[in-house]
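Student: Could you take a close look at how the aromatic rings are placed here, and at what surrounds them? Please go through it step by step.

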Amino acid sequence: DFTEDTKLREMLNKIVGFQGITIEICGSWIWVFDSYNYRKELKEMGFKYAAKKKAWHWHSEAFKKKSHKSLSMTDIRNYYGSTEVQPEQRALLRQA
């Protein structure tokens, strides 16, 4: 869905400038690790904190969870695929 893709890109563009964090895209979710210094900003942007995973996550409103099963990050990565946003990719995102 193009609308969901646009929302994902907009959110990524808001956080690519944060220094020292790890950004990972799993399916249509953005996961942010090592982000203690930016917790207030992430919360204000609509990110939620997953205490068990020690990471902030964001997804569009279109997603609805259908089960009560808790998945580990490894399970999520295996099921949806995973892409870590590298520093050189961050520069390209800022330019887009």
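Tutor: Start with a charge and a ring: Arg39 sits over the face of Tyr36, 3.9 Å from the ring centre. Keep in mind that this is a predicted model.

Next come rings that pair with rings. A pair of aromatic rings is described by how far apart the centres lie and by the angle between the planes. There are four aromatic pairs in the structure. One of them joins Phe18 and Tyr38: the centres are 4.2 Å apart and the planes are at 5 degrees, so this pair is stacked, since planes under 30 degrees apart count as stacked. Phe18 belongs to the loop between H1 and E1, while Tyr38 belongs to the loop between E2 and helix H2 (39-44), so the pair ties together parts 20 residues apart in sequence. Both Phe18 and Tyr38 are buried. Trp29 and Trp31 form a stacked pair too, because their centres lie 5.9 Å apart with the planes at 15 degrees. These two residues, Trp29 and Trp31, are buried.

Now look at what the nonpolar residues do. In soluble globular proteins, nonpolar side chains tend to be buried together. The largest nonpolar core here has 16 residues, and those that touch the most other members are Ile15, Ile23, Ile30, Val32, Leu42 and Phe47. At least two residues of this core come from each of H1, E1, E2 and E4. H1 gives the most, with four residues. To see the surroundings of one aromatic member, take Phe47: leaving out residues up to four places away in sequence, Phe47 touches Met11, Ile15, Ile30, Val32, Leu42, Trp56, His57 and Trp58. Apart from the largest core lies another, of eight residues, which include Trp29, Ala50, Ala55 and Ile76. Trp29, then, appears both in a stacked pair and in this second core.

Ile23, one of the residues listed for the largest core, leads to the strands. In E2 the bridge partner of Ile23 is Val32, and in E5 the partner is Val85. E1 (residues 22-26) runs antiparallel to E2 (residues 29-33), with five bridges between them. With strand E5 (residues 83-85), E1 pairs over three bridges, again in the antiparallel sense. Of the five residues of E1, four are buried, so the strand is largely enclosed by the rest of the structure. The hairpin of E1 and E2 has two residues between the strands, and Gly27 there takes a positive phi near 65 degrees.

E1 also takes part in a contact between charges. The side chains of Arg77 and Glu24 meet in a salt bridge, 2.5 Å from N to O. This pair links distant parts of the chain, with Arg77 in helix H3 (residues 73-80) and Glu24 in strand E1, 53 residues apart. Glu24 is buried, at 5% relative accessible area, whereas Arg77 is partly exposed, at 30%. A search of the whole structure finds two salt bridges. In addition to Arg77 and Glu24, the side chains of Asp5 and Arg9 meet in a salt bridge, 3.0 Å from N to O. Asp5 and Arg9 both lie in helix H1 (residues 2-15), four residues apart, or about one turn of the helix.

Conventions: Residues numbered from 1 in each chain as written. Predicted model: local features only at pLDDT ≥ 70, side-chain atom pairs only at ≥ 80, totals over all residues. Heavy atoms only, no water. Buried < 20%, exposed > 50% of the residue type's maximum accessible area, 1.4 Å probe, protein only. Pairing = 2+ DSSP bridges. Salt bridge = Lys/Arg side-chain N within 4 Å of Asp/Glu carboxyl O. Core = buried A, V, L, I, M, F, W, Y, C linked by side-chain atoms within 4.5 Å. Contact = heavy atoms within 4.5 Å. Phe/Tyr/Trp six-rings, centres within 6.5 Å; stacked < 30°, edge-to-face > 60°. Lys NZ or Arg CZ within 6 Å of the ring centre and 35° of its normal.
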